[in-house]
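User: I have a model open and would like to go through how its helices pack. Could we start with whatever is on the screen?

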Amino acid sequence: MAPLIFFTEADLERLAGPADFERGRLLVDAVEDLYEDEYSLCATVSDGRPYLAMVHHQHPLGGECDCPDGAPPGLCEHSVAVGLSYLLETRY
Ligand SMILES: [Zn+2]
């Protein structure tokens, strides 16, 4: 099935800001149990402890995480990692 998700790395970077984007890039390998549904990507990100991070990929793009920086609608580094992990998995 073709991916139904239409965000890019640049979208993640714009929403997260350069610092969180860079930290998120370093956390891509810590993303586990990624799943997607119609509205969201969700995964566990191991970063000291497991964080439950989401990317809401319907317009507007947004994120949510249970870390201190994870209040919606911004993207923390964990949500960035989830988004990047998804993009890497689905790149074709
Ligand atoms: Zn987070």
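User: What covers the buried residues of α1 (18-26 and 77-90 being the ranges of α2 and α3)?
Analyst: The cover over the buried residues of α1 includes α2 (18-26) and α3 (77-90). Contact here means heavy atoms within 4.5 Å, and buried means under 20% relative accessible area, exposed over 50% and partly exposed in between, with a 1.4 Å probe and protein chains only. Helices (H or I, at least four residues) and strands (E, at least two) are DSSP runs numbered from the N terminus.

User: Before we go on, what sort of model is this?
Analyst: It is a predicted model, in which local features need pLDDT of at least 70 and side-chain atom pairs count only at pLDDT 80 or more, while totals for chains, interfaces and linings use all residues. Residues are numbered from 1 along each chain as its sequence is written, and side-chain values use heavy atoms, with hydrogens and water left out.

User: Which residues of α1 are buried?
Analyst: Asp-11, Leu-12 and Ala-16 are buried in α1, which spans residues 9-16. They lie on the same side of α1 because they cover an arc of only 115 degrees around the axis; the arc is that of the directions from the helix axis to the C-beta atoms.

User: And what follows α1?
Analyst: Gly-17 follows α1, and its phi is positive, near 90 degrees.

User: How do α1 and α2 cross?
Analyst: Their axes come within 6 Å and cross at roughly 125 degrees. That makes α1 oblique to α2. Angles under 35 degrees count as roughly parallel, over 145 as roughly antiparallel, 65 to 115 as roughly perpendicular and the rest as oblique. The axes are lines fitted to C-alpha atoms, for helices over the stretch in contact, and angles run from 0 to 180 degrees between N-to-C directions.

User: Which residues make that contact of α1 and α2?
Analyst: From α1 come Glu-9, Leu-12, Glu-13 and Ala-16, and from α2 come Pro-18, Asp-20, Phe-21 and Arg-25. The residues of the contact of α1 with α2 divide into four nonpolar, no polar and four charged. Ala, Val, Leu, Ile, Met, Phe, Trp, Tyr, Cys and Pro count as nonpolar, Asp, Glu, Lys and Arg as charged, and the others, Gly among them, as polar.

User: What about α1 and α3, then: at what angle do they cross?
Analyst: The axes of α1 and α3 cross at roughly 175 degrees and come within 10 Å. That makes α1 roughly antiparallel to α3. In this contact, Glu-9, Leu-12 and Ala-16 of α1 meet Val-80, Gly-83, Leu-84 and Leu-87 of α3. By class, the contact of α1 with α3 has five nonpolar, one polar and one charged residues.

User: Turning to α2, which residues are buried, and which are exposed on the other side?
Analyst: Asp-20, Phe-21 and Gly-24 are buried in α2. They cover an arc of only 105 degrees around the axis, which puts them on the same side of α2. Pro-18 and Leu-26 are exposed on the other side of α2. The buried residues of α2 pack against α1 and α3.

User: New topic: where does Glu-64 lie?
Analyst: Glu-64 lies in strand β4, residues 62-65. Glu-64 counts as partly exposed because its relative accessibility is 34%.

User: How far apart are Glu-64 and Met-54 in space?
Analyst: Glu-64 and Met-54 are 5.1 Å apart, C-alpha to C-alpha, and ten residues apart in sequence. Not counting residues up to four places away in sequence, Glu-64 touches several residues, including Leu-52, His-56, Pro-72 and Ser-79.
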